[in-house]
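Hello,

Here is the structure I promised to pass on. Please open it before you read further, and keep it beside you as you go.

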Amino acid sequence: IAVDLHEPIAEDVRARLAEHQIESRRWWGSLAHRMPPFAETARLPLPVSERLADCELNLPMSPRMDTHDVERVVSTLKEVL
């Protein structure tokens, strides 16, 4: 489940969720054009990719999560924001 935080605070929120033992991921934080082998490669501007990389956070999801688990993730996310 991807959450758009609308500002570049994804890494801070990820760390704060981890303090509550809630794993989240930043799938788009390592965009290919930001990696050293591609840093000098010519490309068009990528404003949408850049914004998503800095503002998007993926929350845990699993068929094993029950209502209590989902409510815990949501309430903790609200708390850390």
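Which residue forms a salt bridge with Arg 34? The partner is Glu 50, and the closest N and O atoms of the pair are 2.6 Å apart. This pair links distant parts of the chain. Arg 34 sits in the loop between α1 and α2, while Glu 50 belongs to helix α2, 16 residues away in sequence. Arg 34 is partly exposed, because its relative accessibility is 33% and the partly exposed class lies between 20% and 50%. Glu 50 falls in that class too, with 26%.

Before more details, a word on confidence. The model is predicted. The chain has a mean pLDDT of 90. Of its residues, 99% reach 70 or more. Where is confidence lowest, and where is it highest? The lowest mean is 86, in helix α2 (residues 47–55). The highest is 97, in helix α3 (residues 67–80). Keep this in mind for Glu 50, as it lies in α2.

Now the other salt bridges. The count comes to six. One of them pairs Asp 4 with Arg 51. Their closest N and O atoms are 2.9 Å apart. Asp 4 lies in strand β1 (residues 2–4) and Arg 51 in helix α2, so this bridge ties together parts that are 47 residues apart in sequence. Asp 4 has a relative accessibility of 25%, so it counts as partly exposed. Arg 51 is partly exposed as well, at 37%.

Glu 23 and Arg 25 form another salt bridge. Here the closest N and O atoms are 2.8 Å apart. Is Glu 23 buried or exposed? Glu 23 is exposed, because its relative accessible area is 52% and the cut-off for exposed is over 50%. Arg 25 has 41%, so it counts as partly exposed.

There is also a network of salt bridges. It links Glu 11, Arg 14 and Arg 26.

Next, look at how two helices meet. At what angle do α1 and α3 pack? The angle is about 125 degrees, and the axes are 10 Å apart. The two helices are therefore oblique to each other, because angles of 65 to 115 degrees count as roughly perpendicular and those over 145 as roughly antiparallel. The crossing of α1 and α3 is right-handed. On the α1 side, the contact is made by Val 13, Arg 16 and Leu 17. On the α3 side, Thr 76, Leu 77, Glu 79 and Val 80 take part.

Stay with α1 for a moment. Asp 12 is found in this helix, which spans residues 10–19. Its relative accessibility is 45%, so Asp 12 is partly exposed. How far is Asp 12 from Ser 30? The two are 18 residues apart in sequence and 16 Å apart in space, C-alpha to C-alpha.

Last, find Asn 58 in strand β2 (residues 56–58). Why does Asn 58 count as buried? Its relative accessible area is 12%, and buried means under 20%. Which residues does Asn 58 touch, leaving out those up to four places away in sequence? They are Ile 1, Ala 2, Ser 24, Arg 25 and Trp 27. You have met Arg 25 already, as the salt-bridge partner of Glu 23.

Best wishes

Terms used. Residues numbered from 1 in each chain as written. Predicted model: local features only at pLDDT ≥ 70, side-chain atom pairs only at ≥ 80, totals over all residues. Heavy atoms only, no water. Helix = DSSP H or I, 4+ residues; strand = E, 2+ residues; numbered from the N terminus. Buried < 20%, exposed > 50% of the residue type's maximum accessible area, 1.4 Å probe, protein only. Contact = heavy atoms within 4.5 Å. pLDDT = per-residue confidence, 0-100. Salt bridge = Lys/Arg side-chain N within 4 Å of Asp/Glu carboxyl O. Axes fitted to C-alpha atoms, helices over the stretch in contact; angles between N-to-C directions. Parallel < 35°, antiparallel > 145°, perpendicular 65-115°, else oblique. Left-handed = near helix turned anticlockwise from the far one by under 90°.
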